[in-house]
Amino acid sequence: MILPGSTVGVLGGGQLGRMFVFRAHEMGYRVVVLDPGARSPAGLVADEHLRAAYDDETALRALAARCAAVTTEFENVPAGALALLSSLTSVSPSSVAVAIAQDRILEKTHLADAGFQTAAFLPVRSVDEARTAFERLGRTAILKTSRLGYDGKGQAVVTSAEACAAGFERLGGQECILEEKLALEFEVSVIIARSADGETAVYKPGENVHRDGILHSTVVPARIPEPLAREATAMAEEIAASLEYVGVMGVELFVANGGQLYVNEIAPRPHNSGHYSIDASATDQFEQQLRAMCGLPLGSTRLMSPVAMVNLLGDLWTSGEPRWAEALAVPGVRLHLYGKAEARPGRKMGHLTCVADSANAALSGAERAAGRLRAES
């Protein structure tokens with residue numbers, strides 16, 4: 001076990017890293033962040049910020065020398081960097097798990113081979129392959145870059161073979177995946193923590209709403225039938241086991257075709273839809289991340305209150321500073337800002353949570369608070 005008083009490291013300096021640093025400090029750990037940004041949210045609050053590229057071998061060796069264990073706060077860190085670190089110190093999740101999660105073709109192939117239901121998919125590596133892939137699927141589909149896309153970026157809905165070919169060129173001619181566009185009934189996600197010895201701690205499924213490809217809100221517990229909730233939980237545990245995963249992982253699921261569950265994607269890190277756990281769970285997802293990487297027993301995932309979360313995007317600042325006092329006057333609402341210096345449209349700047357006596361009341365309160373934020377023009 002790596003006990004309080006030790007130093008741990010994080011690859012990545014975004015808001016997930018920032019929330020991890022806060023929790024690690026509360027539990028008595030020092031944190032070193034490696035991130036190339038001068039004012040990264042996590043770097044600003046860490047004990048030490050190594051400002052360097054993720055593939056900078058000198059910086060990676062310096063991180064390993066300082067830290068008893070290292071984790072990552074985003075999936076696009078080079079898997080090779082994790083592999084190098086793992087030869088020098090304890091690293092979780094593994095470079096293998098991250099390499100699978102950061103490549104949509106590898107990810108979907110792994111899931112399908114392991115027996116999990118996904119939307120039909122085909123790899124696309126050329127214009128001709130784009131046309132052929134669409135003809136084989138034979139229906140409206142979504143073309144996505146295999147790597148680096150997030151929050152709706154790097155993808156396009158296509159309705160013909162020619163549109164698919166044009167979309168492939170518009171996405172830069174890089175390796176893509178073509179996925180069947182399901183008729184969604186709703187979306188859910190499951191946050192799971194898993195230790196090196198296979199112990200798991202699973203949070204109740206969250207019910208998600210996306211807008212323009214970006215998560216807008218999460219309600220927990222999800223307003224879904226209990227058998228479906230149990231199936232989603234079991235699926236998350238099985239996926240984590242299939243990857244021999246260590247750490248916190250988000251599993252995004254689609255519900256379609258009469259209540260069937262389809263795996264959309266996995267995130268090898270704490271997940272946006274799990275931020276509610278800071279305010280409403282016995283142990284939040286960032287403490288679980290710390291516990292898993294340090295070999296400590298995982299904490300209880302007991303939900304202490306129904307809760308809803310709404311993301312705050314940079315668009316809110318278009319007409320001036322949001323009206324914080326008005327939002328915080330809504331009972332049960334808490335505010336979390338990420339310390340980002342510049343507000344840009346579509347950029348996640350923070351989130352609101354609202355706890356209440358029911359999921360419906362929590363969502364109503366969170367949406368009401370978010371609606372009060374926009375400054376009057």
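Strand 1 (residues 7-11) and strand 4 (residues 69-72) are a good place to start in this predicted model. The two strands pair in the parallel sense, and 4 bridges hold the register between them. To find that register on screen, look for L11, which stands opposite T72 in strand 4. Now widen the view to the sheet around this pair. It is an open sheet of 5 strands with parallel pairing, and its order reads 3-2-1-4-5. At its edges you will find strand 3 (48-50) and strand 5 (90-91), each of which pairs on one side only.

Next, see what lies over this sheet. Helix 11 (residues 285-294) lies across strand 1, strand 4 and strand 5, and it runs at about 140° to strand 4. Helix 11 also has a helical partner: helix 1 (residues 15-26) packs with it at an angle of about 70°, with the two axes 8 Å apart. Helix 1 and helix 11 are therefore roughly perpendicular to each other. From helix 1, the residues L16, M19, F20, R23 and A24 take part, meeting F286, E287, Q289, L290 and M293 in helix 11. Sorted by character, the residues of this contact comprise 7 nonpolar, 1 polar and 2 charged.

A second helix pair to visit is helix 3 (residues 57-66) with helix 4 (residues 79-86). Their axes come within 10 Å and cross at roughly 45°. Helix 3 and helix 4 are therefore oblique to each other, and their crossing is right-handed. On the helix 3 side, the contact is made by E57, L60, R61, L63 and A64, while helix 4 supplies A81, L84 and L85. Here the residues of the contact divide into 6 nonpolar and 2 charged, with no polar ones.

Follow the chain past strand 5 and you reach a feature that is easy to miss at first glance. A cis peptide bond joins S92 and P93, with omega at about -5°. P93 lies in the loop that connects strand 5 to helix 5 (95-101).

Now turn to another sheet. This open sheet has 4 strands in the order 6-9-7-8, and its pairing is antiparallel. Strand 6 (121-124) and strand 8 (155-158) stand at the edges with a single partner strand each, so one side of each is left without a neighbour in the sheet. From one strand to the next, the twist averages 25°. For a closer look at one edge, take strand 6 and strand 9 (residues 176-180): they run antiparallel and are joined by 4 bridges. Within this pair, L122 stands opposite L178 in strand 9.

Helix 7 (residues 127-137) packs on this sheet and touches strand 6, strand 7 (141-145), strand 8 and strand 9. The direction of helix 7 makes about 170° with that of strand 6. Helix 7 also meets helix 8 (residues 161-170), where the two axes come within 8 Å and cross at roughly 140°. Helix 7 and helix 8 are therefore oblique to each other, and helix 7 passes helix 8 in a right-handed crossing. The contact is made by V127, A130, R131, F134 and E135 of helix 7, together with A161, E162, C164, A165, F168 and E169 of helix 8. Of these residues, 7 are nonpolar and 4 are charged, and none is polar.

Farther along the chain, two more backbone details deserve a stop. A cis peptide bond joins V220 and P221, with omega at about 0°. P221 sits in the loop between strand 13 (214-220) and helix 9 (226-242). Beyond helix 9, E244 has a phi near 50°, a positive value in a residue other than glycine. You will find E244 in the loop between helix 9 and strand 14 (247-256).

Finally, zoom out to the whole protein chain, which has 13 helices and 18 strands. Its C-alpha atoms fill a box of roughly 60 × 50 × 45 Å along the principal axes. How does the radius of gyration of the chain agree with that of a compact globule? With 377 residues, such a globule would have a radius of gyration near 21 Å, and the protein chain has 20 Å, so the value agrees with a compact globule.

Notes: Residues numbered from 1 in each chain as written. Predicted model: local features only at pLDDT ≥ 70, side-chain atom pairs only at ≥ 80, totals over all residues. Heavy atoms only, no water. Axes fitted to C-alpha atoms, helices over the stretch in contact; angles between N-to-C directions. Parallel < 35°, antiparallel > 145°, perpendicular 65-115°, else oblique. Left-handed = near helix turned anticlockwise from the far one by under 90°. Contact = heavy atoms within 4.5 Å. Nonpolar A, V, L, I, M, F, W, Y, C, P; charged D, E, K, R; others polar. Pairing = 2+ DSSP bridges. Rg over C-alpha atoms; globule rule 2.2 N^0.38 Å.
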